[in-house]
Each structure stands twice: as C-alpha cells, then as structure tokens.
Amino acid sequence: MKLFPRKPRPDPEALVQERWRTSFGWLQPRRLPEEQTPDYRSFVHQGSFRLEILKADCFAWVTGPYKYRDLELEATLDFDPANGHSAAGFVLRYINEENFYYFLVSDQGSFRFDVVFNKNPIHLIEWTPFPVLSTRPLELRLLARGDGFHFFADDQWIGEMSDATIPEGACGFAGQNYSQGPRAGFRLLEYAVESRPVEVEKAYYRWVHFLPAAPENRLQLARTFHGMGRYPDALVELKKSFRQGAGGAEERRLQADACLALKLNEEALQALEQSLALEPDHAEALQAKANTLFQCRRFLEARDFIDSILPRFPEQAALANLAGACEYSLGNWERAQERYRRAVELEPGSPLYLGNLARVLERLGRDGEALEAYLQAARLLFRAEAYDELSFVLSRGRALASTVTAPGAQELAALEAKVLFHQEKPDEAERLLCPLIQAGYADPSVAYLYGLILISRGTREEAETHLARATELEPSFPLYWFRLAENRKLLGRDPREALARAFALDPQDPWINNLKGQLSMEEGRPEEALEHFRRALERAPGEASLSANAAGALAALGRAAEAVQTATAGLAAAGEKAALYTARGNARVRLREFAAALEDYERALALEPDNPDYLANAAGCCLELDMVMRAEELLDRLLEAAPNAAAYNLVGNLAVVQQDHLRAELAYQEALSKDPGNPEVTLNLASLYLAQGGYAKARATLAPVLERFPEMARARDLERRIRESFEQELSCAGCDRRWWVPREVPPQSAFKVRGEPPGEAPAGRCAACGKLYCIACAGPHAREGQLYCPACGGRLRLGDDALKYLFLRHLPDAG
C-alpha cells in the first residue's frame with residue numbers, strides 16, 4: 001500500500017481540466033521544459049523559471065505538455081534589469097509554431113495581443129501603454145473563455161478582445177528581445193493554470209462582470225483600436241466608458257470619427273454635437289460636423305453651418321471645397337464654381353479640388369476652362385500614380401477635347417499613353433504615342449516611353465533615336481542618359497559618354513553604378529568595378545543582380561572567399577535567385593570547391609532550367625568531378641538550347657574524359673567554326689593534338705594564340721609541354737640566345753645562302769671545341785667570308801640536320 005499515491009497524469013492529447021500551480025521550488029512541479037538552443041535557453045534557478053534569449057531580434061517560447069480550451073492563467077514575471085528593449089508574456093492555445101496566440105508586456109510599460117494563423121501574424125491589440133505595466137515584478141491574469149480574451153495587471157483591467165481563430169491548445173512562457181541588446185533575460189516567479197469549467201466561469205463573472213474596469217483604461221484601449229482601424233471595437237470600449245461617466249470632448253470626437261468610418265453618420269453627428277457642447281470652439285469638431293452634415297445629405301443645413309463658421313477658417317481649403325460640394329448638390333452651379341475656385345486658390349496642388357472645379361465648369365458650359373482644370377488635375381494625379389482617379393479625369397478630358405479646339409488634346413493623349421504603359425498595356429500605349437511622335441510632340445517622357453516600347457519589340461536600333469531625343473529635350477534627367485547608355489552598350493556601341501552624363505547627374509544611383517561597374521569589368525579594372533557595385537548595393541541592398549556582380553568582381557580580384565560571402569549575403573537579402581547561386585558557384589570553382597559549386601549551379605538550374613549559361617556551368621563542374629553521365633545529360637540539353645561555341649567546347653572536354661579523341665577533335669573544330677580564334681577552344685584543340693602525339697598540329701595550332709596573347713599562362717604552359725615532349729634546346733655560347741628544334745628532324749638538303757643572314761640565326765658549331773654560336777656573336781670573327789669560333793678560332797659549320805633546319809627557319813623566305 002502506497003502512503004502517497006501519485007495522481008494519474010492527464011492524456012496529452014485530451015483537453016485537460018485541472019488546477020495547477022507552482023512557484024518553482026525544489027519539490028514543486030515544473031511542467032515548463034528546460035531547453036538549450038543557439039537562440040535561447042530555459043531553466044529553473046533560485047525559485048524561478050528563467051528564459052534567456054541569446055541574440056537580438058528573436059522571439060522564443062516554451063510550452064507545457066497539456067491542451068486547454070477555457071482557462072484562467074495567473075503569473076508573476078520580472079525582467080532582467082540589463083535588458084535592452086524587450087518584452088515577456090505568454091503563448092495561449094498553442095497548436096504549433098504556425099498557429100497560436102501570444103500576449104506580451106514590454107519593458108516600456110505597454111502590452112500587445114496577437115494571433116499567428118498559418119504562420120501569418122494578425123495584430124489583435126497593438127502596443128497599448130498603461131502605467132501599471134511598469135510595476136516590477138508584475139502580476140498578470142489572463143482569461144480565455146470561448147472567443148473572449150480578458151487581460152489584467154495587478155488586478156486592474158487592461159484589455160479585452162474577441163477572436164475565434166484558434167479554439168484550444170497549450171500555454172507557455174514567452175519572451176522577445178528586440179535590437180537594442182545582444183541578449184535578454186526574463187523570470188517567471190509564480191505560474192498557475194485553472195481550466196476547470198465551473199472555476200473558469202466563476203473567475204470570468206468575478207473579473208469581467210462584478211469588478212468594473214477603470215473607464216480611463218477602456219478609453220486607452222479605444223484609442224489603440226481606433227489607431228488600428230478597428231472601429232467597431234473602439235466604439236464598444238468608448239460606449240462602455242461613457243456609461244461609467246468618463247469621456248470628454250476628445251473622446252466624443254473619436255466616437256464620431258469611428259462612426260463616420262462605419263457609415264453611422266447620424267450617430268457621428270450626435271457625438272459631434274456632444275463634443276461641441278463641451279468645447280464649442282473646437283476647430284476640428286466644427287469642421288467634422290460640417291462634413292458629417294454633408295454625409296447625412298443634409299446639404300442645406302450643411303451649407304448654412306459652413307457659412308456660419310467659414311469666417312473663422314478663411315484659409316481652410318477643405319472647408320471651401322465642402323461648401324462647393326453643398327452648392328453643387330443643391331444645383332447652384334455658379335456658387336459652387338466660386339467655392340471650388342476658392343479651394344483651388346488655397347491649395348493649388350490638390351487634384352480633388354481641380355477635378356471638382358472642372359466638373360462644375362462643365363455644368364456651366366465653360367468647356368475650355370473645364371479642360372484646363374482637368375489637365376492640371378491629370379498632371380498631379382499622374383505624378384502621384386493615382387491611376388484609378390486619373391482614368392476618370394482623362395475620360396472627361398477626352399470628351400471635352402473632342403468638342404473644344406485646345407492644345408491640351410496632345411497632352412491628354414500623352415498622359416493616357418503613360419498610364420497605359422504603367423498598366424503594362426504597351427500596344428495600347430503605342431497607338432497613342434505614334435501620332436505624337438510623328439507630330440513632333442516635344443515631351444521627353446513620350447520619346448523615352450516610345451523608345452522603351454521599341455526595345456521591348458526588339459528594335460533597339462530604332463529606339464536609339466528616341467532615347468537620344470529624350471536626352472535632348474531634358475538633358476538634366478539622369479534616367480534618360482542611363483537608358484541611352486545601356487541601349488548603346490547592348491548594341492555594341494560606346495556607351496561611355498552617355499553613362500558619364502548620367503553619373504554626373506546622379507552619382508549614387510544604383511543602376512548607373514552597376515552599368516559603370518560592368519564596363520570597368522569588361523575593360524579589366526575589377527577594383528574600380530567593385531567600388532561601383534558596392535555603391536550600388538548601398539542604395540539597393542536587396543537587388544540580386546548587384547550582389548552577383550559584386551561577387552564576380554571580388555572573384556576576379558582573387559578574393560573568392562569574400563565573393564562567396566557576398567553572394568550568400570545576397571541570397572539572404574533577396575531570396576533564392578539563380579544569378580546569385582551562379583555567382584557563388586563561380587567563386588567556389590575558383591576555390592576548387594567543385595562539389596559545393598555544382599550544388600549552387602544545380603540550384604540555379606532548378607530556378608531557370610533552360611538557361612544555357614547555367615547548363616554550361618553545371619556541365620563543366622560535372623566534368624571536374626568525373627560525373628560523366630550527368631555531364632552528358634546537361635550537354636544534350638545545352639546543345640538543344642544553345643548550340644554555340646561554349647557548348648561544343650564542353651562537348652569536346654567530355655569526349656577527352658571519355659578518351660574519344662576523334663569526337664573531341666570534331667567538337668573543338670565545330671566550336672572554332674562558330675567562334676574563330678577563341679583562345680580557350682584553340683588551346684583545348686592543341687592540347688588534344690599533343691596528347692595524340694601530333695607535334696606539328698599541336699605547334700601549328702598553338703602558334704596564333706602565342707602571337708595574340710604572348711603572356712597567357714596556359715599558352716606558355718602548353719608550349720613548355722610541347723618542348724619537353726618533342727623538342728630539344730640549343731643555345732649560343734656567346735650570349736643568352738636559345739633555340740628549340742624538333743628532336744626528330746628530317747634530312748636537310750644542301751643549300752647556299754646569298755646575302756647576310758639575320759643575327760638571331762645559328763652561325764654553326766665549332767668542329768674543334770664543339771661550341772655553338774649565333775650570327776650576331778660570330779660575325780665579328782668572320783674572315784674571307786667564313787665564320788670562326790670566337791673561343792678557339794675553329795671553323796663554324798652547320799654540320800647536322802638540326803642546325804640546318806634551324807638556320808633555314810630564320811631566313812626571310814623560310815616556309
């Protein structure tokens with residue numbers, strides 16, 4: 001028989017009904033788990049449960065093992081005094097990390113309540129300050145009953161909310177560290193959960209119904225709801241506070257504003273009357289009453305009220321406009337025109353007032369004036385990108401332009417074309433732009449947009465004229481110069497002058513700097529390019545192409561590890577982008593990390609499966625890793641997508657790996673037919689000939705590359721290998737001159753030399769001492785037309801086939 005039998009543990013999958021409490025003493029239950037992760041840790045220490053967050057901008061929580069529906073949660077918590085900006089609280093009805101509620105109290109004395117549903121956070125109550133929340137330690141009580149949530153701090157009501165998103169789940173302790181400090185610590189001193197239905201009901205009636213909430217607290221919550229646009233919730237809290245005798249003129253205005261947002265116009269008017277009864281001269285309330293009378297369609301009363309207060313607000317354009325709207329609604333067109341015109345005079349930059357003026361001018365039959373007002377409104381709306389409102393204004397303007405001989409017709413067409421272009425309707429925009437271009441309409445944006453449309457049609461040559469025209473009409477606008485430079489670069493022309501103009505006008509623009517960086521890379525100045533790419537990234541840090549270009553510049557500078565870091569940072573900022581995976585893969589190839597590079601190239605291909613550059617990169621990496629079958633698969637796709645020189649070069653490389661020398665030779669020759677003189681392919685073909693023992697072919701294939709690129713390391717290395725395999729070195733005993741001749745020289749026939757041979761040709765070998773000299777060294781020792789050894793005076797002779805071969809190669813007509 002057990003003296004102290006244990007209570008059976010609840011089923012973790014069932015809804016638990018219990019009373020559970022702990023103060024985290026030695027012998028007390030500890031349901032919250034002790035965990036250690038790189039981001040946070042939780043543990044019990046000195047009679048409290050600790051949650052420490054180990055990095056900035058981190059939200060962490062720990063939950064108990066059981067699920068509840070309705071509950072009363074009581075807790076006492078405290079903050080580490082060393083914390084920066086931070087918050088602590090509880091998760092409720094926790095299902096998983098994608099679905100739960102959370103309640104937080106900040107170290108600055110505010111609370112918030114949110115729900116996360118399918119990983120999307122939804123703000124239910126945004127940060128709301130209360131003095132009581134600054135108490136430390138802080139006693140909290142949370143009631144969750146059905147879809148109602150009620151919050152208390154030190155037994156004071158601080159908030160409530162109804163939400164039925166998640167009906168049940170676990171609860172636990174939570175903490176948030178913001179960006180002010182590297183870590184934050186929180187202590188849970190007392191923790192109790194009551195989930196027995198009868199007890200929860202008792203707590204609900206006691207705390208929600210029998211103990212009244214302080215009306216000033218309800219007003220504070222109402223302000224938060226109003227700021228969030230939760231107008232029904234704001235009205236509920238305002239009315240509850242009013243029933244308790246709270247609320248002044250400001251709160252009545254808040255009520256009116258919420259009612260207007262909900263189209264409760266008559267109720268809004270009553271609230272404004274109550275506000276004005278308390279503060280008769282309040283300017284905002286007076287103007288709000290005028291607007292509300294209009295919303296209630298009490299136009300005559302609204303006009304008379306406006307007339308009574310207008311002398312107090314002679315500079316209020318909105319009030320003058322409202323007076324015009326009243327007159328318009330009453331059919332007083334002339335009076336409406338006067339009021340609207342006054343509003344425009346007070347605020348000439350308002351398209352609304354200009355549109356209203358134009359509308360009443362139409363009514364008065366003054367079409368020319370109306371068209372001009374519509375044009376002014378259209379310009380303002382276009383600048384503000386308010387295309388819906390602009391569509392109406394343009395339609396009215398077009399109707400008037402058909403009946404009025406006015407210069408504004410072309411401007412209306414131009415504005416409509418711009419709107420259509422921004423709405424991605426280039427065909428419709430082009431139909432409007434063509435007549436304007438043909439008529440010589442002098443609007444730089446029209447020329448510019450027409451140029452962009454032509455580029456989208458693939459006619460960059462024709463677009464050049466219109467982009468240049470835009471720069472002539474508005475030479476101080478950097479975008480026009482940038483597009484002109486970009487177009488010239490893509491046409492293979494010199495973009496530097498146009499780009500210099502763009503850069504002088506806006507040296508910080510990211511895309512101008514990007515283009516300058518690309519030009520610097522092409523001209524072999526990666527250090528300068530990197531400076532431009534970094535400047536571009538400062539202005540547009542989330543742009544994948546800029547990070548990729550910066551990584552490319554770093555790799556070109558031999559800083560491949562930094563290039564990998566830059567591309568990785570770009571992926572974190574911009575998300576998965578093929579260009580960034582490719583840039584990182586290229587850098588890893590330079591580091592000879594082929595397996596990691598291939599992983600990046602495969603990711604790029606997953607995003608853009610038919611990109612020939614990405615196919616070529618992945619295939620090349622597979623060859624380095626001896627992944628022959630995958631390389632073949634990729635090259636088949638590459639030849640189908642882009643059968644260019646690069647593709648056939650890779651096919652040749654694959655054939656070399658497979659020891660299929662004939663196929664490799666044919667592939668390299670095909671590549672050279674598509675890109676004659678390509679040094680990489682030429683060297684690959686020369687290397688193939690060398691591997692096959694084809695000395696003459698290897699030497700002949702290599703020669704033009706050495707002539708064009710005498711310092712190219714790979715070409716020099718191939719020459720060294722040819723010499724080591726098939727040639728012998730001869731040297732002049734009198735100077736540093738060296739010659740290379742084939743080891744196997746065919747028999748050379750006798751010959752006679754007329755004239756003076758060049759100094760770099762061999763003079764012959766001394767029959768006595770065996771030393772070899774060049775013409776330049778032996779020339780001063782010539783006697784009677786014969787060359788003699790400078791060392792011993794013996795006769796120099798071209799006595800073997802190698803020397804004859806070498807001598808003949810130095811004659812001007814040697815073939």
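The following exchange concerns pockets, sheets and aromatic pairs in a predicted model.

Me: Let us begin with the pockets. What is the volume of the largest pocket?
Reply: The largest pocket holds about 830 Å³ of space.

Me: Which residues are the closest to its centre?
Reply: They are Gly-620, Asn-649, Leu-650, Asn-653 and Glu-680, out of 27 residues that line the largest pocket.

Me: Which elements give two or more residues to that lining?
Reply: These are the helices α23 (578-590), α24 (594-607), α25 (612-624), α27 (645-657) and α29 (679-691).

Me: And how do the lining residues divide by class?
Reply: The lining of the largest pocket has 14 nonpolar, eight polar and five charged residues.

Me: What about the second largest pocket, and how many residues line it?
Reply: Its lining is made up of 22 residues, and its volume is about 560 Å³. Val-753, Ala-763, Gln-786, Leu-787 and Leu-798 lie nearest the centre of this second largest pocket.

Me: Which elements give two or more residues there?
Reply: Two strands and a helix do so: β17 (762-766), β19 (796-797) and α33 (801-809). By class, the lining of the second largest pocket comprises 12 nonpolar, five polar and five charged residues.

Me: Staying with β17, what is the strand order in its sheet?
Reply: The order is β18-β17-β19, in an open sheet of three strands with antiparallel pairing. β18 (772-774) and β19 are the edge strands, each pairing on one side only.

Me: Over how many bridges do β17 and β18 pair?
Reply: β17 and β18 pair over three bridges, in the antiparallel sense. Within this sheet, Gly-764 stands opposite Tyr-773 of β18.

Me: Where does α33 lie with respect to these strands?
Reply: Helix α33 lies across β17, β18 and β19. Its direction makes an angle of about 165 degrees with β17.

Me: Now the six-stranded sheet. What is the order of its six strands?
Reply: The sheet is open and runs β4-β13-β6-β7-β8-β9, with antiparallel pairing. Its edge strands are β4 (58-63) and β9 (120-129), each of which pairs on one side only.

Me: How many degrees are neighbouring strands turned against each other on average?
Reply: The average for neighbouring strands of this sheet is 20 degrees, direction ignored.

Me: Over how many bridges does β8 pair with β9?
Reply: Strand β8 (residues 110-117) pairs with β9 over seven bridges in the antiparallel sense. Phe-111 has Thr-128 in β9 as its bridge partner.

Me: A different topic: how many aromatic pairs are there?
Reply: The count comes to 28 aromatic pairs.

Me: Take Tyr-101 and Phe-149. Why is the pair called tilted?
Reply: The ring planes of Tyr-101 and Phe-149 stand at 45 degrees, so the pair is tilted, with the ring centres 4.7 Å apart. Planes under 30 degrees apart would count as stacked, and those over 60 as edge-to-face.

Me: Where in the chain are the two residues?
Reply: Tyr-101 is in strand β7 (residues 99-106) and Phe-149 is in strand β11 (residues 148-153). The two residues are 48 residues apart, and the pair thus links distant parts of the chain.

Me: Finally, the hairpin of β2 and β3: which residue takes a positive phi?
Reply: Gln-46 does, with phi near 50 degrees, and the hairpin has two residues between the strands. Strands β2 (residues 40-45) and β3 (residues 48-53) pair in the antiparallel sense over six bridges, and Arg-41 stands opposite Glu-52 in β3.

How values were computed: Residues numbered from 1 in each chain as written. Predicted model: local features only at pLDDT ≥ 70, side-chain atom pairs only at ≥ 80, totals over all residues. Heavy atoms only, no water. 1 Å grid on protein atoms, 1.4 Å probe; cavity = no way out; pocket = protein on both sides within 12 Å on 5 of 7 lines; lining within 4 Å. Points joined across faces, edges and corners; volume = space filled by probe spheres on them. Helix = DSSP H or I, 4+ residues; strand = E, 2+ residues; numbered from the N terminus. Nonpolar A, V, L, I, M, F, W, Y, C, P; charged D, E, K, R; others polar. Pairing = 2+ DSSP bridges. Contact = heavy atoms within 4.5 Å. Axes fitted to C-alpha atoms, helices over the stretch in contact; angles between N-to-C directions. Phe/Tyr/Trp six-rings, centres within 6.5 Å; stacked < 30°, edge-to-face > 60°.
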